[in-house]
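Please read the briefing below alongside the sequence and the three-dimensional view. The points are grouped by topic, so that each part of the fold can be followed in turn.

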Amino acid sequence: MTDVTTQKNGIDVYNKTTYASQWLNAADERIASGYYEKDHYRDTLETLKNAPGNRVLECGIGTGEFFALELAKSGKSVYGIDFSDELLKDCAYRFGREGLAARLGMADVHALPFKEASFDIVFAIGVTPFMKDLALGVEEMVRVTKKGGIVVFDLMNIWHTSQFINHWYRVFESSRFGFAFIRGLKTLKKNMGFQTHFKAAPEEVNHKLYSPLSLRRAMKKLGIGYRVRGYNVLLPLDLPIFGRYANLCERSKSLSYGLKDNKFLKYLGSKLVVIIEK
Ligand SMILES: C[S@@+](CC[C@H](N)C(=O)[O-])C[C@H]1O[C@@H](n2cnc3c(N)ncnc32)[C@H](O)[C@@H]1O
């Protein structure tokens, strides 16, 4: 059984505590299971490594286990902020263990404690689902980036089939009726011999998804040009009930990878990676 805190009005508290602990506890498992072998992580790392300049800021650095560490190993000077102290401590430990250094601090991506034009490269991966205001967060990242530098972030795209289904599934599950209904289905699945776990209580939906249109609106508001890459176009990822059995991306990597720059289809990718050249 998973330990779940139900927070009616405390999504922020939830994200800083319960979610942070879950992310922390699963860190070694993520690394061991090849979580970062996915195309959008590998491509994004290459983009960041090849970007000109040395001063890098990761917003929402978490445990820094992949991007921050790899960038430091490649010779970049790494700064990181996160709103979870617990994750930052673990990040510092991981850097120390490798004999590397990162300058870390507790801060919110919506109010970065740096002067204008402080960094060559600023990025946030896996952070927009928790941001209260996408435009404000992006504005802050752009503000602290030097002219000629880049800003990179990713989004969960509601136009993708399984992101859409998963999102509405979570909304349904967080209601009383939905919770009871899904508990029944999961019990059935368990009785049939499939592995399953069940939450202790209905959980607030704490992940924000965006559409390419809502991204465009935010960027238009800021008057900023950008490019997009879309990953896992059309192919379902994990689905409710079916879990990883439905993940066709694992079986057809070349197809999902090949469409990342397609002019139209990329907007149907499960993850959109946004690149701003300042
Ligand atoms: C899914 S994790 C990703 C961590 C890391 N970027 C990575 O790719 O491994 C999301 C991270 O963003 C942090 N976070 C979420 N909202 C934030 C905010 N408003 N300001 C700073 N950090 C935030 C969380 O604490 C967590 O460490």
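Gly148 is a residue of strand β5, in a model that is predicted. Gly148 counts as exposed because there are 12 C-beta neighbours inside 10 Å, and a residue with 12 or fewer is placed in that class. Although 28 residues separate Gly148 from Asp120 in sequence, the two lie 7.5 Å apart in space, C-alpha to C-alpha.

**Strand β5 and its partners**

- Lys146 is also found in strand β5, and Lys146 is classed as partly exposed because 17 other C-beta atoms lie within 10 Å, a count between the limits of 12 and 20.
- From Lys146 to Val122 the separation is 24 residues along the sequence, while in space it is 9.5 Å from C-alpha to C-alpha.
- Strand β4 (residues 119-124) and β5 run parallel and are joined by 5 bridges, with Thr145 of β5 as the bridge partner of Phe119.
- Between these strands the chain passes from β4 through helix α6 (residues 134-143) to β5, and this β-α-β crossover is right-handed.
- Strand β5 (residues 145-156) also pairs with β7, here in the antiparallel sense and through 7 bridges.
- Within that pairing, Met156 has Lys271 in β7 as its bridge partner, and Ile150 stands opposite Glu277 in β7.

**Strand β7 and strand β6**

- Strand β7 (residues 271-277) is mostly covered, with 5 of its 7 residues buried.
- Strand β6 (residues 227-231) runs antiparallel to β7, and 5 bridges join the two; in this pairing Arg227 has Ile275 of β7 as its bridge partner.
- In a regular strand, side chains alternate between the two faces of the sheet.

**Strand β1 and its neighbours**

- Strand β1 (residues 55-59) is mostly covered, since 4 of its 5 residues are buried.
- The pairing of β1 with β2 is parallel and extends over 5 bridges, and Leu57 has Tyr79 in β2 as its bridge partner.
- The chain travels from β1 through helix α4 (residues 67-73) to β2, in a β-α-β crossover that is right-handed.
- Strand β1 also runs parallel to β4, joined to it by 3 bridges, and in that pairing Leu57 stands opposite Val122 of β4.

**Helix α1 and the shell around the ligand**

- The 15 residues of α1 should span 21 Å at 1.5 Å a residue, and its end C-alpha atoms are 20 Å apart, which agrees with that expectation.
- Helix α1 nevertheless has a kink of about 35°, centred on Tyr19.
- Both α1 (11-25) and β2 (77-82) supply at least two residues each to the shell around the ligand, and the largest share, 3 residues, comes from α1.
- Of the 22 residues around the ligand, those that come nearest are Gly60, Gly62, Val109, Gly126 and Phe130.
- Sorted by class, the shell around the ligand is made up of 13 nonpolar, 6 polar and 3 charged residues.

**Loop residues with positive phi**

- Ala117, in the loop between β3 (103-106) and β4, has a positive phi of about 50° although it is not a glycine.
- Ala117 counts as partly exposed because there are 14 C-beta neighbours inside 10 Å, which falls between the limits of 12 and 20.
- Asn232, in the loop between β6 and α10 (253-258), likewise is a residue other than glycine with a positive phi, near 55°.
- Asn232 is buried because 30 other C-beta atoms lie within 10 Å, where 20 or more are required.

**Helix α9 and a contact distant in sequence**

- Lys221 has its place in helix α9 (residues 212-222), and Lys221 is partly exposed because 13 other C-beta atoms lie within 10 Å, above the limit of 12 for an exposed residue and below the 20 needed for a buried one.
- Lys221 and Glu139 are 82 residues apart in sequence, and their C-alpha atoms are 9.9 Å apart in space.

Key:
Residues numbered from 1 in each chain as written. Predicted model: local features only at pLDDT ≥ 70, side-chain atom pairs only at ≥ 80, totals over all residues. Pairing = 2+ DSSP bridges. Near = placed C-beta within 6 Å. Nonpolar A, V, L, I, M, F, W, Y, C, P; charged D, E, K, R; others polar. Expected span 1.5 Å × (residues − 1). Bend = angle between axes of the 7 residues up to and from the residue. Right-handed = clockwise from strand over helix to strand, strands pointing away.
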